[in-house]
Amino acid sequence: NETFFGVCHILATYNDTFIHVTDITGRETYIRVTGGMKVKADREESSPYAAMLAAMDVVNRLKELKVNALHIKIRARGGTDSKTPGPGAQVALRTLARFGMKIGRIEDVTPYPTDSTRRGGGRRGRRL
């Protein structure tokens, strides 16, 4: 009973949560599920509940493929956008671990600009 690793890319924005599992090289996709594939209402795509359902789907598919361990790469929108992962990130990770996936390395791969184009919002900022 040997451990077979995949890489789980979790992109958690405030509008959706993607859980995308590839092989170690990242070339071959095993499964990709999003929060929007699991719930009908647009506002619920990014919710923890949708992330949980998506993660369960992922686990079931990986068991068929004999993948039993995952390295996690969590990412937020990044760039000039939000650099904190959305509400689905924690839940997705927790669900994967709870349904029997071994977790290897966890890293945050949110793109940080070292010097960037101008952020949206203009000179006077976003007025609410």
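This short talk describes the sheet, the helices, the core and two backbone details of one structure.

Good morning. Please keep in mind throughout that the model is predicted.

I shall begin with the sheet. Five strands form it, and the sheet is open, with the order β3-β2-β1-β4-β5 and mixed pairing. Which strands stand at the edges? They are β3 and β5; each has a single partner strand, so one side of each is left without a neighbour in the sheet. On average, and ignoring direction, neighbouring strands are turned by 15° against each other. Within the sheet, β1 and β4 pair in the parallel sense, and seven bridges join them. To find this pairing in the model, look at F5, whose bridge partner in β4 is A69.

Let us turn to the helices. The helix α1 lies across β2, β3 and β4, and it runs at about 160° to β3. The helix α2 lies across β1, β2, β4 and β5, running at about 155° to β1. Several residues of α2 are buried, namely G88, A89, V91, A92, L93, T95 and L96. What covers these buried residues? The cover includes β1, β2, α1, β4 and β5, the last of these being residues 102–108.

I come now to the largest nonpolar core, which has 23 residues. Those that touch the most other members are C8, V21, V58, L62, L70, I72 and L96. Two or more residues come from each of these elements: β1 (5–12), β2 (17–22), β3 (29–34), α1 (48–64), β4 (69–75) and α2 (88–98). Which element gives the most to this core? It is α1, with six residues.

One member of this core, L70, deserves a closer look. Leaving aside residues up to four places away in sequence, L70 touches F5, G6, V7, C8, V21, L62, L96, M101, K102, I103 and G104. Among these contacts of L70 are C8, V21, L62 and L96, which also belong to the core.

Finally, I would like to consider the backbone. Most residues other than glycine have a negative phi. K66, however, is a residue other than glycine with a positive phi, near 65°. Where does K66 lie? It is found in the loop between α1 and β4. Is K66 buried or exposed? Its relative accessibility is 63%, and because exposed means over 50%, K66 counts as exposed. A positive phi, of about 90°, also occurs at G100, just after α2.

Thank you for your attention.

Conventions
Residues are numbered from 1 along each chain as its sequence is written. This is a predicted model: local features need pLDDT of at least 70, side-chain atom pairs count only at pLDDT 80 or more; totals for chains, interfaces and linings use all residues. Side-chain values use heavy atoms; hydrogens and water are left out. A nonpolar core is a set of buried Ala, Val, Leu, Ile, Met, Phe, Trp, Tyr and Cys residues joined through side-chain atoms within 4.5 Å. Buried means under 20% relative accessible area, exposed over 50%, partly exposed in between (1.4 Å probe, protein chains only). Helices (H or I, at least four residues) and strands (E, at least two) are DSSP runs, numbered from the N terminus. Contact means heavy atoms within 4.5 Å. Two strands pair if DSSP finds at least two bridges between them. Axes are lines fitted to C-alpha atoms, for helices over the stretch in contact, and angles run from 0 to 180 degrees between N-to-C directions.
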